[in-house]
Amino acid sequence: MNIFITPFILPPFPNCRVFYCWTRYSDGVQEALDELPDSFTITDPSISGHPIVYASRGFLKIFGYSRNEVIGRNGRVFQGPKTNRRSVMVIREAIREERGIQISLLNYRKDGTPFWMLFHMCPVYSEKDGRVVHFLGVQVPILRRRKSLGGGIGKNGVCNDGGNCRESVYRCCRREVCSNSIMEFNRALSVDSVSGMDHTEVDVEGPCEASDQEKTKASVAVNNIMSVLANYSELKGRLVSDKRCCQYGTSLLSTSLNISFGRIKQSFVLTDAHLPDMPIVYASDAFLKLTGFLRHEVLGRNCRFLSGEDTDRATQFQIKQCIQNEQPCTVHILNYRKDGTSFWNFLHISPIRNASGKVAYYVGIQIEDTSEARGKQWLNPEMRQRSVVAAVKVAVRGWSMGASTS
């Protein structure tokens, strides 16, 4: 579990990956998102660590961070010692199942003060193939907890003592904040007043339920943000939506698998054994670095695109035979990068079976075979390949077992 330490500095996210995250949107999308007043973040599950790739101005104001301190970090850094671990697991399960969720959560600001918020998360789908390209998370501080003394304010803001609201106690999860007017309470619902309120007496034990008004505010924010994303993605011809619209024959790799594979630092690809021509459905960051291709240039293609004029046809046939027989194989093969330069690839291919024992995928692990690598005895390519195969098998079998019981 994450240990909350405050204050701390978060490093900025690599610019190249941030750029990739926004290639499906036309220019101006980030400026348009900056105009929205809500507190929200956008994360990318296809990148290792499932990092935040956008944080709104409202979010930065509430949490007290600068944008450079947030971009590139997982949302767990805003949790703390009193954050309910069961709630965190509920959120993780929603991410694994690629579905939306609304849940009350105790989070922490940069200065260490805790506060309750309503967290509304939903997946953002590509309309072309139904993949989850982002997760949108909206945060609404939970402010509405009222108790009247000596008349005070009744339902719908009406005074119970004939219009003389002498004293009202507003509670946010047992935290009392005195107010002398309905206008002060209404102002307290705005984001601007949230960041300036006293949070020293927040009841961190909870639970703290959001009001219908706060739930509605979160839903409206999601709709507004999705409208911006859909508009700017349509201009680029890569439309996104908050609803999955899957085309026939498209392979979907679950978010949980994407996250699990992102932890593997070796160069590898995963191909779908059930689709014609066995297209690549996952490519690691190390593979992209080795070959020079971008992720969208790789997904959906057969691995043979790495072959070239001098690639040995007998070796290619050997690979084909092993795949047909559902057997692993290891070969030395001449492959080509995007820029046309060749490299010797110490390639291992292995079938990956699901929980029922059927071959679901094939994993291909690439290690560039150079004299420098061969001279380092501690670099054992066979061991590296076996470790990748083992990690992929664990992830796929775990996912398929969970999918079969859900």
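Visitor: Let's start with a charge over a ring: over the face of which residue does Arg-301 lie?
Guide: Happy to begin there, and note that this is a predicted model. Arg-301 sits 4.3 Å from a ring centre. A charge counts as lying over a ring when the CZ of Arg is within 6 Å of the centre and within 35 degrees of the ring normal. The ring that Arg-301 covers belongs to Phe-305.

Visitor: And how far is Arg-109 from the ring centre of Phe-115?
Guide: Arg-109 also lies over a ring face, that of Phe-115. Phe-115 is itself part of a ring cluster that includes Phe-59 and Phe-63. The distance from Arg-109 to the ring centre of Phe-115 is 4.1 Å.

Visitor: How many aromatic pairs does the whole structure hold, and what is the geometry of the one between Tyr-65 and Phe-78?
Guide: A search of the whole structure gives ten aromatic pairs. In one of them, the centres of Tyr-65 and Phe-78 are 5.5 Å apart and the planes make an angle of 70°. Planes over 60 degrees apart count as edge-to-face, so the pair of Tyr-65 and Phe-78 is edge-to-face.

Visitor: Which parts of the chain does that pair link, and how many residues apart are they?
Guide: Tyr-65 is in the loop between helix 3 (57–63) and helix 4 (67–70). Phe-78 belongs to the loop between helix 4 and helix 5 (85–97). The pair therefore links distant parts of the chain, with a separation of 13 residues.

Visitor: Are Tyr-65 and Phe-78 buried or exposed?
Guide: The cut-off for buried is under 20% relative accessible area. Tyr-65 has 5%, and Phe-78 has 3%. Both values are under the cut-off, so Tyr-65 and Phe-78 are buried.

Visitor: On to helix 8: what end-to-end distance should its residues span?
Guide: Helix 8 covers residues 212–236, which is 25 residues. The rise is 1.5 Å a residue, and the expected span uses one less than the number of residues. The end C-alpha atoms are 36 Å apart, which agrees with the expected span of 36 Å.

Visitor: Which strands help cover the buried residues of helix 8?
Guide: The buried residues of helix 8 include Ala-218, Ala-221, Val-222, Ile-225 and Leu-229. An α-helix has 3.6 residues a turn, so residues three or four places apart point the same way. Helix 2 (29–34) is part of the cover. The strands in that cover include strand 1 (40–43), strand 3 (101–108), strand 4 (114–126), strand 5 (132–141) and strand 9 (240–241).

Visitor: Which residue follows helix 8, and what is the sign of its phi?
Guide: Just after helix 8 comes a residue with phi near 80°. That residue is Gly-237, and its phi is positive.

Visitor: Which residue of helix 8 does Cys-122 touch?
Guide: Cys-122 is in strand 4, and with 9% relative accessibility it is buried. Its contacts beyond four places in sequence are Gly-100, His-134, Phe-135, Leu-136 and Val-222. Among the buried residues of helix 8 is one of these contacts, Val-222.

Visitor: Why is there no disulfide between Cys-322 and Cys-329?
Guide: Cys-322 is buried, at 16% relative accessible area. Its closest cysteine sulfur is in Cys-329. A disulfide needs sulfur atoms within 2.5 Å, so the pair is too far apart for a bond, at 3.9 Å.

Visitor: How many disulfides does the structure hold?
Guide: Cys-303, for its part, is partly exposed, at 31% relative accessible area. For the structure, the number of disulfides is zero.

Conventions. Residues are numbered from 1 along each chain as its sequence is written. This is a predicted model: local features need pLDDT of at least 70, side-chain atom pairs count only at pLDDT 80 or more; totals for chains, interfaces and linings use all residues. Side-chain values use heavy atoms; hydrogens and water are left out. Buried means under 20% relative accessible area, exposed over 50%, partly exposed in between (1.4 Å probe, protein chains only). Rings of Phe, Tyr and Trp (its six-membered ring) pair if their centres lie within 6.5 Å; planes under 30 degrees apart count as stacked, over 60 as edge-to-face and the rest as tilted. Helices (H or I, at least four residues) and strands (E, at least two) are DSSP runs, numbered from the N terminus. Contact means heavy atoms within 4.5 Å.
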